[in-house]
Amino acid sequence: MSFSSFHGNDDVVRRMREALARERFPHGVILSGPTGSGKYTLALMMAQAMNCLTPADGLPDFCGTCSNCTRIGQAADLDTRFAEAVEAREALRETDKKETRILVQTHPDVLVIPPDPPQMLVKVDQVRRVIANIYYRPAEARERVYIFTTSAFMKEAANSLLKILEEPPEFATLFLLAENPGALLPTIRSRCVTFTLAPLESLAIEQDLAGLHPEWTPAQRTLVARLSGGAVGRARGFDLPAYITARANALAVLSSALEGNDHSALFKITETYRAGADGRDKTEHLLRTLYSLLEDLLWLLEGTPDLVRNTDIARDLGKLAQTASFTWVQEAGERLAEVERGMRRNLLRSLSLDAFATSLERA
Ligand SMILES: [Zn+2]
């Protein structure tokens with residue numbers, strides 16, 4: 001393992017490593033960029049580079065195999081670690097549950113602070129846990145590292161964080177990961193240095209996918225790169241088979257609505273969207289896919305086919321665009337939003353999908 005495995009934004013990574021080499025690394029760092037652009041991966045790599053026990057040639061790097069690198073690296077699968085922490089809290093007695101905040105810690109000197117459910121905000125008790133040990137010298141590392149994975153803070157939590165940033169200890173670094181740094185208090189922003197990760201060029205993502213998924217065709221790699229909007233993390237985790245299935249169903253729903261004759265095919269599809277957690281995921285997938293197809297239809301109707309993302313089914317989309325009008329697509333988008341709201345209220349999924357498709361016929 002080394003920084004060479006981080007994809008894209010070479011200049012940002014180099015600037016951070018140079019700051020580390022000169023011992024000028026800021027105590028407060030805002031890492032901004034879209035979902036999947038590698039903010040968390042890079043923050044964790046920096047934590048490893050700060051504490052790696054294997055000396056590097058040239059700019060600071062990390063080996064991935066020493067005891068510090070290994071333990072810090074165990075936090076890399078954030079979704080799993082987060083789910084474990086939530087599960088552990090659920091198992092507690094009611095009284096203890098209230099006092100337990102979600103944190104991820106795989107190394108004594110490195111603490112990851114995710115948003116605390118159900119509100120999914122950083123809460124003041126989480127920041128208090130940071131305050132409780134940030135002023136002690138690290139036990140096994142050179143640098144204490146704190147990674148806040150969201151910029152959504154409760155007010156009191158943001159104020160506590162601000163107090164730390166006003167006088168951070170010399171041996172601590174705080175990373176704030178933000179899709180939108182504007183959500184952070186201006187007083188927090190002014191005490192941090194911001195590094196911005198730009199979305200990657202589609203071609204760079206396609207090259208990355210070629211190594212990861214040699215079994216995918218070039219058209220499929222282009223599709224995933226376009227759908228991921230420049231976010232390499234999202235592209236790497238993209239579930240292509242699930243997307244293809246959902247898209248075939250979404251196309252059938254839309255053509256049934258536009259052609260409006262035989263409903264048996266439509267009902268056969270919507271029947272497969274059942275209640276339960278699986279069905280919920282599947283339906284959410286279908287709704288997202290419907291949105292992406294409607295968006296592509298808009299691009300076609302506006303005469304900007306270059307922006308179409310589902311490039312591999314251009315012919316099907318072209319056919320739909322011939323029967324759909326601009327108003328129809330807009331209306332479909334609004335009705336889709338109604339279906340989403342209905343899902344949140346737990347209305348029967350297959351019924352609301354049927355209602356969606358049939359209501360569009362009359363639009
Ligand atoms: Zn190491």
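Helices, as the word is used here, are DSSP runs of H or I with at least four residues, numbered from the N terminus. By that numbering, Asn310 sits in the loop between helix 14 (277-301) and helix 15 (314-323). The model is a predicted one, and its protein chain contains 17 helices and six strands. This briefing begins with the chain as a whole and then turns to selected residues, helices and backbone features.

**The chain as a whole**

- The protein chain has 363 residues, of which 47% count as buried.
- Taken along the principal axes, the box filled by the C-alpha atoms of the chain is roughly 70 × 50 × 35 Å.
- About 18,200 Å² of the protein chain is exposed, and carbon and sulfur atoms supply 52% of that area.
- Of the contacts between residues at least 6 apart in sequence, 71% join residues that are at least 24 apart.
- Side chains with a positive charge number 42 and those with a negative charge number 47, while the centres of the two sets lie 4 Å apart.

**Cysteines**

- Zero disulfides are found when the whole structure is searched.
- Cys52 has a relative accessible area of 5%, under the 20% limit, and therefore counts as buried.
- Cys63 is also below that limit, because its relative accessibility is 18%.

**Tyr243, Thr289 and Asn310**

- Tyr243 belongs to helix 12 (residues 240-259), and its relative accessibility of 6% places it among the buried residues.
- Apart from neighbours within four places in sequence, Tyr243 is in contact with Leu223, Leu227, Phe238, His285, Thr289, Ser292 and Asn310.
- Although Tyr243 and Thr289 are 46 residues apart along the chain, their C-alpha atoms are separated by 7.4 Å.
- Thr289 is part of helix 14 and is buried, with a relative accessible area of 1%.
- With neighbours within four places in sequence left aside, the contacts of Thr289 are Tyr243, Ala246, Arg247 and Ala250.
- Asn310, in the loop between helix 14 and helix 15, is buried at 0% relative accessibility.
- Beyond its neighbours within four places in sequence, Asn310 is in contact with residues including Tyr243, Arg247, Ser292, Leu293, Asp296 and Leu317.
- Leu223 and Leu227 appear among the contacts of Asn310 and also among those of Tyr243.

**Helices with a buried side**

- An α-helix has 3.6 residues a turn, so residues three or four places apart point the same way.
- In helix 6 (residues 124-134), the buried residues are Val124, Gln126, Val127, Val130 and Ile134. Viewed down the axis of helix 6, these residues fall within an arc of 160°, so they line one face of the helix.
- The cover over the buried residues of helix 6 includes strand 3 (110-113), strand 4 (144-148), helix 7 (155-166) and strand 5 (172-178).
- In helix 9 (residues 202-212), Ile205, Glu206, Asp208 and Leu209 are buried. Their arc around the axis is only 160°, and they therefore lie on the same side of helix 9.
- The buried residues of helix 9 pack against helix 10 (218-227) and helix 11 (232-236).
- On the face of helix 9 turned away from its buried side are the exposed residues Leu203, Gln207 and Gly211.

**Backbone features**

- Pro117 and Pro118 are joined by a cis peptide bond, with omega of about 5°. Pro118 is placed in the loop between strand 3 and helix 6.
- Asn9, in the segment before helix 1 (10-21), has phi near 50°, a positive value in a residue other than glycine. Asn9 is buried, its relative accessible area being 12%.
- Glu23 also has a positive phi, near 55°, and is likewise a residue other than glycine. Glu23 lies in the loop between helix 1 and strand 1 (28-32).
- Whereas Asn9 is buried, Glu23 is exposed at 72% relative accessibility.

Terms used
Residues numbered from 1 in each chain as written. Predicted model: local features only at pLDDT ≥ 70, side-chain atom pairs only at ≥ 80, totals over all residues. Heavy atoms only, no water. Helix = DSSP H or I, 4+ residues; strand = E, 2+ residues; numbered from the N terminus. Buried < 20%, exposed > 50% of the residue type's maximum accessible area, 1.4 Å probe, protein only. Contact = heavy atoms within 4.5 Å. Areas by Shrake-Rupley, 256 points an atom, 1.4 Å probe, with all protein chains shown as cover. Lys, Arg positive; Asp, Glu negative; His and termini not counted. Charge placed at Lys NZ, Arg CZ, Asp CG, Glu CD. Disulfide = S-S within 2.5 Å. Arc of directions from axis to C-beta.
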